[in-house]
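Here's a quick look at how one chain is put together. Have the viewer open and follow along.

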Amino acid sequence: MSLRALLDSTAAGTGQTVDPIPCLTQDADLWFSDSPSEVEEAKRLCRDCPVRHECLADAMERHEAAGVWGGELFMTGVVVPFKRPRGRPPRSAGAASLTPATPRRPRPAPTTTEVPA
(Lines give C-alpha, C1' and ligand atoms only; values in the text may rest on other atoms or scores of the structure.)
Protein backbone atom coordinates (compact mmCIF):
# COMPACT_ATOMS: atom_id res chain seq x y z
CA MET A 1 0.00 0.00 0.00
CA SER A 2 1.35 3.43 -0.87
CA LEU A 3 1.85 6.10 1.77
CA ARG A 4 -0.90 8.27 0.25
CA ALA A 5 -3.40 5.38 0.36
CA LEU A 6 -2.38 4.57 3.92
CA LEU A 7 -2.82 8.20 5.01
CA ASP A 8 -6.16 8.46 3.22
CA SER A 9 -7.46 5.30 4.88
CA THR A 10 -6.28 6.56 8.26
CA ALA A 11 -7.95 9.92 7.70
CA ALA A 12 -11.16 8.32 6.45
CA GLY A 13 -11.60 6.47 9.73
CA THR A 14 -11.46 2.80 8.90
CA GLY A 15 -12.58 1.90 12.40
CA GLN A 16 -9.07 0.88 13.41
CA THR A 17 -7.40 2.57 16.32
CA VAL A 18 -4.31 4.14 14.78
CA ASP A 19 -1.63 6.12 16.56
CA PRO A 20 -1.70 9.77 15.51
CA ILE A 21 0.61 10.69 12.67
CA PRO A 22 2.93 13.38 14.06
CA CYS A 23 3.45 15.35 10.86
CA LEU A 24 -0.34 15.73 10.53
CA THR A 25 -0.92 16.74 14.16
CA GLN A 26 2.14 18.95 14.80
CA ASP A 27 3.36 22.14 13.13
CA ALA A 28 4.52 21.13 9.63
CA ASP A 29 7.38 23.66 9.74
CA LEU A 30 9.10 21.47 12.34
CA TRP A 31 9.97 18.91 9.64
CA PHE A 32 11.66 21.57 7.47
CA SER A 33 13.26 23.69 10.19
CA ASP A 34 16.66 25.40 9.99
CA SER A 35 17.19 24.74 13.70
CA PRO A 36 19.13 21.54 14.46
CA SER A 37 17.22 21.08 17.74
CA GLU A 38 13.85 21.30 15.96
CA VAL A 39 15.01 18.81 13.32
CA GLU A 40 16.01 16.39 16.09
CA GLU A 41 12.57 16.89 17.68
CA ALA A 42 10.90 16.01 14.35
CA LYS A 43 13.06 12.89 14.04
CA ARG A 44 12.13 11.92 17.63
CA LEU A 45 8.42 12.34 16.86
CA CYS A 46 8.79 10.09 13.81
CA ARG A 47 10.18 7.16 15.82
CA ASP A 48 6.74 5.91 16.91
CA CYS A 49 4.86 6.89 13.76
CA PRO A 50 2.76 4.02 12.33
CA VAL A 51 3.70 4.94 8.73
CA ARG A 52 7.39 5.70 9.32
CA HIS A 53 8.82 2.99 7.05
CA GLU A 54 6.42 3.74 4.21
CA CYS A 55 7.15 7.48 4.54
CA LEU A 56 10.91 6.88 4.31
CA ALA A 57 10.55 4.52 1.35
CA ASP A 58 8.35 7.00 -0.54
CA ALA A 59 10.75 9.89 0.21
CA MET A 60 13.67 7.88 -1.14
CA GLU A 61 11.68 6.92 -4.22
CA ARG A 62 10.77 10.59 -4.85
CA HIS A 63 14.37 11.72 -4.16
CA GLU A 64 13.20 14.28 -1.59
CA ALA A 65 15.51 17.26 -1.53
CA ALA A 66 15.09 18.33 2.10
CA GLY A 67 13.25 17.76 5.35
CA VAL A 68 12.62 14.98 7.82
CA TRP A 69 10.93 11.98 6.21
CA GLY A 70 10.38 8.69 8.00
CA GLY A 71 12.61 9.78 10.86
CA GLU A 72 15.58 10.58 8.61
CA LEU A 73 16.94 13.98 7.56
CA PHE A 74 17.28 14.62 3.84
CA MET A 75 19.58 17.37 2.58
CA THR A 76 20.20 17.82 -1.15
CA GLY A 77 18.51 14.48 -1.75
CA VAL A 78 20.78 12.49 0.59
CA VAL A 79 20.09 11.13 4.08
CA VAL A 80 22.40 12.82 6.60
CA PRO A 81 22.80 11.97 10.31
CA PHE A 82 22.30 15.49 11.69
CA LYS A 83 21.84 19.10 10.71
CA ARG A 84 24.67 21.51 11.37
CA PRO A 85 23.86 24.94 12.73
CA ARG A 86 24.13 27.86 10.33
CA GLY A 87 27.36 29.80 10.08
CA ARG A 88 30.99 28.99 10.56
CA PRO A 89 31.87 26.46 13.26
CA PRO A 90 33.56 27.89 16.36
CA ARG A 91 37.32 27.78 16.46
CA SER A 92 38.33 25.21 19.05
CA ALA A 93 41.19 22.93 20.00
CA GLY A 94 39.66 20.22 17.82
CA ALA A 95 39.77 22.48 14.78
CA ALA A 96 43.42 23.35 15.45
CA SER A 97 44.35 19.68 15.11
CA LEU A 98 43.01 19.74 11.55
CA THR A 99 45.55 22.34 10.43
CA PRO A 100 48.67 21.10 8.69
CA ALA A 101 51.66 20.45 10.92
CA THR A 102 54.16 21.97 8.51
CA PRO A 103 54.67 25.72 8.67
CA ARG A 104 54.03 27.90 5.66
CA ARG A 105 56.96 28.65 3.45
CA PRO A 106 57.91 32.32 3.37
CA ARG A 107 57.30 34.20 0.16
CA PRO A 108 60.38 34.76 -1.93
CA ALA A 109 61.72 38.30 -1.83
CA PRO A 110 60.86 40.32 -4.94
CA THR A 111 63.69 40.56 -7.38
CA THR A 112 64.68 43.83 -8.94
CA THR A 113 66.15 44.10 -12.35
CA GLU A 114 68.15 47.11 -13.34
CA VAL A 115 67.36 48.64 -16.66
CA PRO A 116 70.48 49.96 -18.48
CA ALA A 117 70.38 53.69 -19.07
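## Strand pairing

Start with strand S2, residues 72–75: three bridges tie it to S3, and the two run antiparallel. In this predicted model, you'll find Met75 sitting opposite Val78 of S3.

Zoom out a bit and the sheet is an open one, built from three strands in the order S1-S2-S3 with antiparallel pairing. Which strands are at the edges? Those are S1 (66–69) and S3 (78–80), each with a partner on one side only. On average, neighbouring strands in this sheet are turned by 35° against each other, ignoring direction.

## Helices on the sheet

Two helices to look at here. Helix H3, covering residues 36–46, packs on the sheet and touches S1 and S2. Its direction makes about 30° with that of S1.

Helix H4 (residues 52–62) also packs on the sheet, with S1 and S2 as the strands it touches. For H4, the angle to the direction of S2 is about 15°.

## The whole chain

Count up the elements and you get five helices and three strands. Reading from the N terminus, the order is α-α-α-α-β-β-β-α, so to speak the full itinerary of the chain.

How much of the chain is buried? Of its 117 residues, 23% are. The accessible surface comes to about 9500 Å², and carbon and sulfur atoms own 56% of that. As for contacts with a separation of 6 or more, 46% are between residues 24 or more positions apart.

Technical notes: Residues numbered from 1 in each chain as written. Predicted model: local features only at pLDDT ≥ 70, side-chain atom pairs only at ≥ 80, totals over all residues. Heavy atoms only, no water. Helix = DSSP H or I, 4+ residues; strand = E, 2+ residues; numbered from the N terminus. Buried < 20%, exposed > 50% of the residue type's maximum accessible area, 1.4 Å probe, protein only. Contact = heavy atoms within 4.5 Å. Areas by Shrake-Rupley, 256 points an atom, 1.4 Å probe, with all protein chains shown as cover. Pairing = 2+ DSSP bridges. Axes fitted to C-alpha atoms, helices over the stretch in contact; angles between N-to-C directions.
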